[in-house]
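Colleague: I should like to go through the terms applied to this structure and hear the grounds for each. Please set every value against its definition.

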Amino acid sequence: YVRAFMSLTEIEKHGEVLITIPCPEELEEEKFELEFELAFYWDEDLALLKERLSSISEIAECVITPIAAQATEATTAETKPQAPANAEARAATAAANPAQPASQAAKRTDSGQTVRVDVTRLDNLMNLVGELVIDRTRIAQIGSDLSNRFQDENIEALTETVGHIHRITSDLQDQIMKARMMPIESVFNRFPRVIRDLAQKLDKDVRLELTGGETELDRSVIEVIGDPLLHILRNSLDHGLETPEQRTAAGKPAQGVIRLSARHQENHIVIEIVDDGRGINVDRVRKKAIENGLVTADAAERMSDKEALQLIFASGLSTAAEVSEVSGRGVGMDIVRSNLQKLGGIIDLETTLGEGTRTTLRLPLTLAIIRGLLVSVEEAVYVIPLGSVIETLLVSQSGIQTVNRHEVVVIRGITTPLVRMRNIFTNENTPQAVAQGSQSYVVIVGLAEQRVGIVVDRLIGEREVVIKSLSRFCGDVPGISGATILGDGNVALILDISGIIAKPKAA
């Protein structure tokens with residue numbers, strides 16, 4: 001191995017080793033006879049290289065052979081080291097034609113800038129960075145407590161060091177997150193063929209337009225988002241787009257268009273699926289919901305079109321006239337929304353009858369670390385994902401009204417239902433016991449078009465938190481998506497806004 005290492009070192013002084021036979025690991029472990037081969041680029045005189053290789057002690061023979069220019073524009077060299085006890089060995093190397101084009105040199109330089117890394121290592125790195133963020137928060141908390149209690153130059157030095165650690169860990173976290181990012185194009189590329197085959201089966205003419213494929217998001221989100229997108233696209237093609245004859249009769253082009261786009265918006269990625277089909281008949285959705293027993297006729301009548309449109313996500317509801325292998329079984333959209341909510345995303349629908357439908361998905365860039373608003377109820381601390389927070393208010397008790405035995409607050413003419421955190425995860429349901437003081441802090445959160453005000457005791461502030469999944473022994477807790485460790489070492493539960501909105505509103 002020593003002679004092989006010396007040969008490689010000599011070549012790498014003015015060239016670049018491309019491949020070795022056997023591989024470098026086997027060379028290092030001496031899992032080879034006394035000969036080896038290698039291919040490499042070489043920018044100097046080949047005769048000089050042969051002289052240098054032959055000068056290495058115990059090299060019996062070195063043969064350099066140029067490879068044909070039309071093949072790889074490289075050269076082959078063969079060396080034969082002389083081993084003790086009269087054993088023979090032979091090593092072959094390859095060197096590039098000195099007159100290689102500049103484009104090849106640039107390509108060679110670019111190829112050396114990429115390293116393949118196992119995704120498990122990236123996941124482990126993200127976990128370690130998460131632990132580092134937790135410790136950073138803890139150190140900052142300790143430094144703040146000490147600076148409030150003591151006046152000392154060491155305390156000031158500690159505060160400065162904590163600030164530096166904060167900047168470094170933030171940069172490290174940002175770089176690790178970027179390393180985990182993948183372009184959503186890898187998901188988009190699956191759809192054209194599927195849509196083309198389905199269009200042929202349904203006798204429809206469709207053009208699928210894809211934009212924003214270069215938009216990047218976390219690998220863990222990429223793995224989950226493919227199936228929900230495919231189901232929405234299939235719905236747009238089957239339910240939304242008309243046949244060429246129907247489109248022509250309606251004054252539309254015979255070819256329908258489905259546009260799939262992705263873009264970054266703040267700390268989220270927004271994916272839109274837009275079709276120019278027939279749109280969704282909201283009255284038909286109401287009728288189907290009543291037939292399936294999902295809502296009463298009175299409740300359906302009181303619903304706005306936007307609220308009625310949300311019934312599409314109910315399990316068992318389908319607007320298809322007949323059941324086929326593509327649609328009509330009433331399963332799909334409820335699973336799509338539940339999968340998106342597990343990712344911390346939301347889905348929204350907009351439709352115009354006769355013109356088309358727009359489906360909007362908002363997803364977090366990463367599932368590991370989020371920014372959240374810390375609130376407290378009695379001694380418990382909760383984290384509300386900042387992406388769901390619309391605004392915070394200080395509301396007087398006189399401003400809280402009761403409608404149909406549910407507390408609401410009117411904000412700029414919009415009636416928003418209230419949910420008291422104190423009543424969500426406890427058995428207490430008496431507003432008299434919780435109405436402390438003359439004012440209450442209210443955090444307005446949103447999910448699609450739904451708005452809910454969460455009443456809390458105190459607003460602590462905004463933090464960057466690391467999401468830790470709950471143990472399987474805890475089961476599936478509605479309204480809770482995970483937990484995090486705070487700067488003081490205590491555990492805070494992370495709220496699941498979709499679960500909070502779905503819970504019965506305690507008066």
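Colleague: Why is Asp 203 called exposed?

Modeller: Exposed is the term for over 50% relative accessible area, buried for under 20%, and partly exposed for what lies in between, with a 1.4 Å probe and protein chains only. Asp 203 has 59% relative accessibility and therefore counts as exposed. The residue sits in the loop between H8 and S7, and its phi is positive, about 55°, although it is not a glycine. The model is a predicted one, in which local features need pLDDT of at least 70 and side-chain atom pairs count only at pLDDT 80 or more, while totals for chains, interfaces and linings use all residues. Residues are numbered from 1 along each chain as its sequence is written, and side-chain values use heavy atoms, with hydrogens and water left out.

Colleague: Which other residue has a positive phi of about 55° although it is not a glycine?

Modeller: Glu 378 does. Glu 378 lies in the loop between strand S13 (369-377) and strand S14 (380-385), and its relative accessibility is 55%, so Glu 378 counts as exposed.

Colleague: What makes Thr 484 buried or exposed?

Modeller: Its relative accessibility is 1%, so Thr 484 counts as buried. Thr 484 belongs to strand S22 (residues 480-485). Leaving aside residues up to four places away in sequence, its contacts include Val 383, Val 465, Asn 490 and Ile 494; contact means heavy atoms within 4.5 Å.

Colleague: How do you know on which side of H8 the buried residues lie?

Modeller: Helices (H or I, at least four residues) and strands (E, at least two) are DSSP runs numbered from the N terminus. The buried residues of H8 are Phe 191, Ile 195, Leu 198 and Ala 199. They cover an arc of only 105° around the axis, so they lie on the same side of H8; the arc is taken from the directions from the helix axis to the C-beta atoms. Their cover includes helix H7 (185-188), strand S7 (206-211), H9 and strand S9 (256-265). Arg 193, Gln 200 and Lys 201 are exposed, on the face turned away from the buried side.

Colleague: Why is H9 described as largely enclosed?

Modeller: Of its 22 residues, 17 are buried, so H9 is largely enclosed by the rest of the structure.

Colleague: Where is the kink in H9, and how is the bend defined?

Modeller: The kink, of about 35°, is at Ile 225, shortly before the proline Pro 228. The bend at a residue is the angle between axes fitted to the seven residues ending there and the seven starting there.

Colleague: What makes a set of residues a nonpolar core?

Modeller: The members are buried Ala, Val, Leu, Ile, Met, Phe, Trp, Tyr and Cys residues, joined through side-chain atoms within 4.5 Å. The largest such core has 45 residues, of which Ile 184, Leu 229, Ile 271, Ile 273 and Leu 361 touch the most other members. H9 supplies the largest share of this core, eight residues. Another core, of 20 residues, lies apart from it, with Leu 373, Tyr 382, Val 452 and Val 456 among them.

Colleague: Which elements have the lowest and the highest mean pLDDT?

Modeller: On this scale of the predictor's confidence in each residue, from 0 to 100, strand S5 (residues 91-96) has the lowest mean, 37, and S7 the highest, 92. Over residues 69-112 the pLDDT is below 50. Where pLDDT is low, the predicted coordinates should not be read in detail.
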